[in-house]
Amino acid sequence: MPEIETRAGTLAYRESGRGPVLVALHATLHDHHDFDAVLPALERHHRVIAVDWPGCGDSPTPRAPGRLSAALFADGLEDLVDHLGISSALLIGNSVGGFAAARLSINRPQVVAGLVLVNTGGFIPMTRATLLFCRLLGTPSITRLVLPLFARLYMRPRSALDRQILRRVISRARTDVGVQQAAALWRSFGGAEHDLRGRAGELTAPTLIVWGTRDKAIPLSAGLATHASLPHAQFAVLDTGHVPFASAPAQFLALVEPFLQSVTAVPRP
């Protein structure tokens with residue numbers, strides 16, 4: 001897989017298909033294989049760029065995993081767009097990938113033709129409970145102990161791909177680098193840079209929010225709050241965990257493909 005250097009570290013990406021550019025962005029400690037069940041359909045009509053965040057999938061281990069953050073991942077996405085010369089794109093972002101996609105849309109509205117935000121971060125109310133949860137999972141000793149069990153709770157696996165994803169996440173969560181990286185990202189989720197609610201009005205791209213209602217990491221209440229921040233967006237739910245496109249690919253595509261067809265990857269003013 002090709003690689004590029006970014007502010008977040010080295011990013012590997014898989015490129016396939018032809019047509020308008022569609023960038024796919026995965027969750028913390030996951031990888032581009034999360035999209036395997038929907039890629040064949042998406043790449044029939046799009047040039048799909050499926051990214052691996054640093055230390056995930058085919059991307060090399062980051063030099064300082066304990067310094068990674070959601071904002072740094074968003075910086076890396078901007079660098080990827082610049083490196084590939086992308087002037088207009090559709091984006092599907094899951095979890096921290098959704099945060100990065102949304103921030104790109106806010107910072108560079110002319111680049112983003114449409115957004116699909118899947119159990120996304122960035123628009124969740126920062127309550128005391130939320131901040132405490134982020135602090136706890138941002139503590140490496142707790143991350144090491146809790147994350148393998150927590151992954152089972154948020155994935156709620158129901159498909160063969162779900163179970164493969166879960167095995168890969170747990171495997172990464174049991175390494176020193178994976179623990180440092182996951183803890184650093186969870187700490188960043190409680191920070192001001194991860195809170196896009198104050199800039200939600202700047203997100204003008206057509207947006208579809210898809211939420212897996214069985215997710216214990218970012219529950220449906222967070223999805224409803226996200227929709228409240230982005231009232232112009234379409235909102236749909238699926239009976240899945242954190243990665244709906246792996247758990248229920250046919251239902252996911254039934255929602256997403258018409259949306260993608262309704263927006264064209266052309267520069268917007």
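Author: A residue is called buried here if its relative accessible area is under 20%, exposed if it is over 50%, and partly exposed in between, with a 1.4 Å probe and protein chains only. The model is predicted, so local features need pLDDT of at least 70 and side-chain atom pairs count only at pLDDT 80 or more, while totals for chains, interfaces and linings use all residues. Residues are numbered from 1 along each chain as its sequence is written, and side-chain values use heavy atoms, with hydrogens and water left out.

Reader: Which residues of α7 are buried?
Author: Helices (H or I, at least four residues) and strands (E, at least two) are DSSP runs, numbered from the N terminus. Because 10 of the 14 residues of α7 are buried, this helix is largely enclosed by the rest of the structure. The buried ones are Gly-178, Val-179, Gln-181, Ala-182, Ala-183, Ala-184, Leu-185, Trp-186, Ser-188 and Phe-189.

Reader: How many Å apart are the end C-alpha atoms of α7?
Author: The expected span of a helix is 1.5 Å times one less than its number of residues. For the 14 residues of α7 (residues 176–189) the expected span is 20 Å, and this agrees with the model, where the end C-alpha atoms are apart by 20 Å.

Reader: Which helices do the buried residues of α7 pack against?
Author: Contact means heavy atoms within 4.5 Å. By that criterion, the buried residues of α7 pack against α2 (70–84), α3 (96–107), α4 (128–137), α5 (140–155) and α6 (160–173).

Reader: Is Thr-28 buried or exposed?
Author: Thr-28 lies in the loop between β3 (21–25) and α1 (39–42). Leaving aside neighbours within four places in sequence, Thr-28 is in contact with Val-96, Tyr-154, Ala-182, Leu-185 and Phe-189. Because its relative accessibility is 11%, Thr-28 counts as buried.

Reader: What is the angle at which α4 and α5 pack?
Author: Axes are lines fitted to C-alpha atoms, for helices over the stretch in contact, and angles run from 0 to 180 degrees between N-to-C directions. Angles under 35 degrees count as roughly parallel, over 145 as roughly antiparallel, 65 to 115 as roughly perpendicular and the rest as oblique. α4 and α5 are therefore roughly perpendicular to each other. Their axes are 8 Å apart, and they pack at an angle of about 110°.

Reader: Which residues of α4 and α5 make the contact?
Author: The axes of these two helices, as stated, lie 8 Å apart. The contact is made by Phe-133, Leu-136 and Leu-137 of α4 and by Ile-142, Thr-143, Val-146 and Phe-150 of α5.

Reader: Which strands are the edge strands of the open sheet?
Author: Two strands pair if DSSP finds at least two bridges between them. The open sheet has eight strands in the order β1-β2-β4-β3-β5-β6-β7-β8, with mixed pairing. Each edge strand pairs on one side only, and the edge strands are β1 and β8 (234–238).

Reader: Which residue in β2 stands opposite Thr-6?
Author: Along strand β1 (residues 3–6) the side chains alternate, with Ile-4 and Thr-6 buried on one face, while Glu-3 and Glu-5 point to the other and are not buried. β1 pairs with strand β2 (residues 9–16) in the antiparallel sense over four bridges, and the two form a hairpin with two residues between them. In β2, the residue opposite Thr-6 is Gly-9.

Reader: Which residue in β4 stands opposite Leu-22?
Author: β3 and strand β4 (residues 47–52) pair in the parallel sense, over four bridges. In β4, the residue opposite Leu-22 is Val-48.
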